[in-house]
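Okay, thanks everyone for coming. I'd like to walk you through a structure that's new to most of us, so let's put it up on the screen.

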Amino acid sequence: MSVFPQLLSYTVALSACGALLYAGGLFVVALVSVFAPTPARRKDARTTLSILIRRRSR
């Protein structure tokens, strides 16, 4: 039996875990940018968020 299907399923699972971690990180940074106690921390979190979701021109 080929190893390819098993390798493919592991790759899909690893990609899904990576996507969930990235989405969780974005969520945490977005929460900090809204609920941080000081304006400087809110500004830093918004800057980080803009870097993480930067769109590139096509």
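I'll start with a helix, then go through some of its residues. One thing to keep in mind as we go: this is a predicted model.

So, the helix. It's called α1, and it covers residues 4–35. Is its length what you'd expect, or is it off? At 1.5 Å a residue, the 32 residues of α1 should span 46 Å, and the C-alpha atoms at its ends are 46 Å apart, so the two agree.

To get a feel for distances along this part of the chain, take a few pairs. Gly 24 and Ser 2 are 22 residues apart in sequence, and their C-alpha atoms are 35 Å apart in space. Leu 31 and Ser 9 are also separated by 22 residues in sequence, with 33 Å from C-alpha to C-alpha. And for Val 12 and Leu 31, 19 residues apart along the chain, the C-alpha separation is 29 Å.

Now, which residues in α1 are buried? Leu 26, Val 29 and Ser 33 are. And what covers them? Part of the answer is α2, residues 39–52, which is included in the cover over the buried residues of α1.

Let me stay with Ser 33 for a moment. Why do we call it buried? Its relative accessibility is 5%, and the cut-off for buried is under 20%, so Ser 33 counts as buried. Leaving out residues up to four places away in sequence, Ser 33 touches Arg 42, Ala 45, Arg 46 and Leu 49. Its side chain also reaches the backbone oxygen of Ala 30, at 2.7 Å.

Next, the surface. Which residues make up the nonpolar patch there? They're Phe 27, Val 28, Leu 31, Val 32, Val 34 and Phe 35, and together they have about 590 Å² of accessible area.

Let's look at some patch members one by one. Leu 31 lies in α1, and because its relative accessible area is 37%, Leu 31 is partly exposed. Val 32 is in that helix too, and Val 32 counts as partly exposed, at 33% relative accessibility. Then there's Val 34, again in α1. At 53% relative accessibility, Val 34 counts as exposed, since the cut-off for that is over 50%. If you want to relate Val 34 to a later part of the chain, try Asp 44: the two are 10 residues apart in sequence, and their C-alpha atoms are separated by 11 Å.

Two more residues before I stop. Val 12 is found in α1, and its relative accessibility is 53%, so Val 12 counts as exposed. Gly 24 is in α1 as well; its relative accessible area of 32% makes Gly 24 partly exposed.

So, to pull that together: α1 has buried residues, namely Leu 26, Val 29 and Ser 33, with α2 included in what covers them. And then there's the nonpolar patch on the surface, with Leu 31, Val 32 and Val 34 among its members. That's my tour, thanks.

Notes
Residues numbered from 1 in each chain as written. Predicted model: local features only at pLDDT ≥ 70, side-chain atom pairs only at ≥ 80, totals over all residues. Heavy atoms only, no water. Patch = residues over 30% accessible without salt bridge, like charges linked within 9 Å, V, L, I, M, F, W, Y side chains within 5 Å. Areas by Shrake-Rupley, 256 points an atom, 1.4 Å probe, with all protein chains shown as cover. Salt bridge = Lys/Arg side-chain N within 4 Å of Asp/Glu carboxyl O. Helix = DSSP H or I, 4+ residues; strand = E, 2+ residues; numbered from the N terminus. Buried < 20%, exposed > 50% of the residue type's maximum accessible area, 1.4 Å probe, protein only. Polar contact = N/O pair within 3.5 Å; in protein donor to acceptor, adjacent residues only side chain to side chain. Contact = heavy atoms within 4.5 Å. Expected span 1.5 Å × (residues − 1).
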